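Welcome! Open your viewer, get comfortable with rotating and selecting, and follow along stop by stop.

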Amino acid sequence: MKMFTSGLQHVAAMYAGVVAPPMIVGPAVGLTAKETAFLMGASLFTAGIATLLQTLGFWRIGARLPFVNGVSFAGVTPMVAIGKDRGHDGIAVIFGAIIVASLLGFVLAPYFCKLVRFFPPVVTGTVITLIGVSLLPVAFNWSQGGNATADDYGSTTNITMAAVTLVIVLALRKLLRGFLQQIAILLGLVIGTIIAIPVGIADFGAIKDADVVGFPTPFHFGAPQFEIAAIVSMCIVMLVCMTESTADMLALGKIVGRPADERTIEGGLRADTLGSAVSPLFNGFMCSAFAQNIGLVAMTKVRSRFVVAAGGGILILLGLCPVAASVIALVPLPVLGGAGIVLFGSVAASGIQTLATAALDKGENALIVAAAVGIGLIPIAAPEFYHAFPEDLLVVLDSGISTGCVVAIVLNLAFNHLGRKPDARPETETQDQEPANTAPVAVH
């Protein structure tokens, strides 16, 4: 029972993130409401498969960390551009591009993972902080209602509901003990939803229209189609996802006390890319790590990968049972936003904690953090900053995590590696830093 409720808490934390991309892509390519709902169920199903690949794994596939995978938001803009108003053909071209990009990523994983030695605490701390800060606007958007075109977006009712949920979660964390304290987020979401019903912001329409059983029929929208331009776009997205997943694995490794070495990252990237390659078979999109669940691990201190695997199993069941999925969807976005502030803030706090070990008083480490955080915050503070740039570049530039990560790596190389004598240790290394080849600590 404890494993199920803890796994359900992970599902509740990431549910909105999984169903949001198909909610955007479906109407954009010209699908009906029922077909878009089918895409949402398929995304839940494939997210469950990808999560099981990450947590349980087989052979050299899977990070075997409490790592949740789901539909990547990085691919939304390119997918809309690829399939806009093309209906089923547009979806087929998107799926074909995802398959090719994912297989390429699978091949590149053993080489990409070797970049881990360029992620000392000054880099990982910066990236982890940016992950948390970059996610906070998502929580703020949810707190306002999630739909900027709605009449009640940013209403006093929505924001008050988010604030009430935030207070409930904080109070539960303070007052409860043991297992109940660990599932404070889930309890907060339940209590917040119950309060939201008489307030009038809970929507029961999803339950009324949902089928009891529904299997994501393979290639429901037709066989995948392959177009060069679409493939190139999704390959860029895949590289962005691999960069963010690497940063997420390093962050999660720090939190659970198992530093992610090259083999762990290689397995994690293979699980990401294999899950993404299989996903279009069941009408799902590209999968990558969900950073919001890292915040849940940090907050609850539940480090078991089997708990997250249980969440993966729940996702598969939700994908096979639309009516069950709609129950999770009952949680109003303002309620989810209130809890999200705590979740995403916990990620940023973990990054700050890592930066505390990064010897910022030595060399130019403080300058590295300042530049990387500053550039990483551009898409958040000034969303239209890069509006004049080519759309292909926006896949990277509009991700503060990706740009901040690249800047931190490049500056760390420039200041702490280039021109350094072979026997000299980079100033970013501290006495308590574990070498990259340290044997992993078992995660239960």
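Here is a tour that begins with the whole chain and then moves to single helices, loops and residues.

**The whole protein**

Start with everything on display, and keep in mind that this is a predicted model. Switch to a cartoon view: the protein has 19 helices and two strands. Of its 444 residues, 55% are buried. Now show the surface, which comes to about 18,400 Å² of accessible area, with 67% of that belonging to carbon and sulfur atoms. How do the contacts run along the sequence? Counting contacts between residues at least 6 apart in sequence, 83% join residues at least 24 apart.

**Colour by confidence**

Next, colour the model by pLDDT. The average for the protein is 81, and 88% of the residues score at least 70. Then select residues 427-444, where the pLDDT is below 50. This stretch still has 39 contacts in the model beyond near neighbours in sequence. Where pLDDT is low, the predicted coordinates should not be read in detail.

**The largest nonpolar core**

Now go inside. The largest nonpolar core has 102 residues, and Ile91, Ile94, Met234 and Phe285 are the ones with the most contacts inside it. Select helix H10, residues 228-256, to see the largest share of this core: 15 residues come from that helix.

Centre the view on Phe285. Leaving out neighbours within four places in sequence, the residues in contact with Phe285 include Pro22, Val25, Leu39, Val71 and Met79. Ile91 and Ile94, already picked out in the core, are also among the contacts of Phe285.

**Helix H11 and the loop after it**

Select residues 262-278, which form helix H11. Its end C-alpha atoms are 24 Å apart, in agreement with the 24 Å that its 17 residues should span at 1.5 Å a residue. Is H11 mostly covered or mostly open? It is mostly covered, with 13 of its 17 residues buried.

Move on to Asn283, in the loop between H11 and strand S2 (287-289). Asn283 counts as buried because its relative accessible area is 0%, and the cut-off for buried is under 20%. Its phi is near 70 degrees, a positive value in a residue other than glycine. Measure from its side chain with your distance tool: a polar atom there lies 2.9 Å from the backbone nitrogen of His220. Beyond neighbours within four places in sequence, Asn283 is in contact with several residues, including Phe38, Leu39, Phe95, Pro216 and Phe219.

Follow that last contact to Phe219, in the loop between helix H9 (205-209) and H10. Phe219 also has a positive phi, about 50 degrees, although it is not a glycine. Phe219 is partly exposed, with a relative accessible area of 33%.

**Helix H13**

Select residues 305-320. This is helix H13, with 16 residues, and it reaches 23 Å from its first C-alpha to its last, close to the expected 22 Å. Just before it, show the side chain of Ser304, which caps the N-terminal end of H13. A side-chain oxygen of Ser304 lies 3.1 Å from the backbone nitrogen of Phe306. Among the buried residues of H13 are Val307, Val308, Gly311, Ile314, Leu315 and Leu318. As you look along the helix, recall that an α-helix has 3.6 residues a turn, so residues three or four places apart point the same way.

**Two isoleucines to finish**

Go to Ile24 in helix H1, residues 2-29. Ile24 is partly exposed, with a relative accessible area of 38%. What does Ile24 touch, beyond residues up to four places away in sequence? The answer is Phe73, Val76 and Val80. The C-alpha atoms of Ile24 and Val76 are 7.6 Å apart, while the two residues are 52 apart in sequence.

Your last stop is Ile378, in helix H17 (residues 378-381). Ile378 is buried, with a relative accessible area of 18%. Aside from neighbours within four places in sequence, Ile378 is in contact with Pro383, Phe385 and Tyr386. Finally, add Asp398 to your selection: from Ile378, it is 20 residues away in sequence and 8.4 Å away in space, C-alpha to C-alpha.

Key: Residues numbered from 1 in each chain as written. Predicted model: local features only at pLDDT ≥ 70, side-chain atom pairs only at ≥ 80, totals over all residues. Heavy atoms only, no water. Helix = DSSP H or I, 4+ residues; strand = E, 2+ residues; numbered from the N terminus. Buried < 20%, exposed > 50% of the residue type's maximum accessible area, 1.4 Å probe, protein only. Contact = heavy atoms within 4.5 Å. Areas by Shrake-Rupley, 256 points an atom, 1.4 Å probe, with all protein chains shown as cover. Core = buried A, V, L, I, M, F, W, Y, C linked by side-chain atoms within 4.5 Å. pLDDT = per-residue confidence, 0-100. Expected span 1.5 Å × (residues − 1). Polar contact = N/O pair within 3.5 Å; in protein donor to acceptor, adjacent residues only side chain to side chain.
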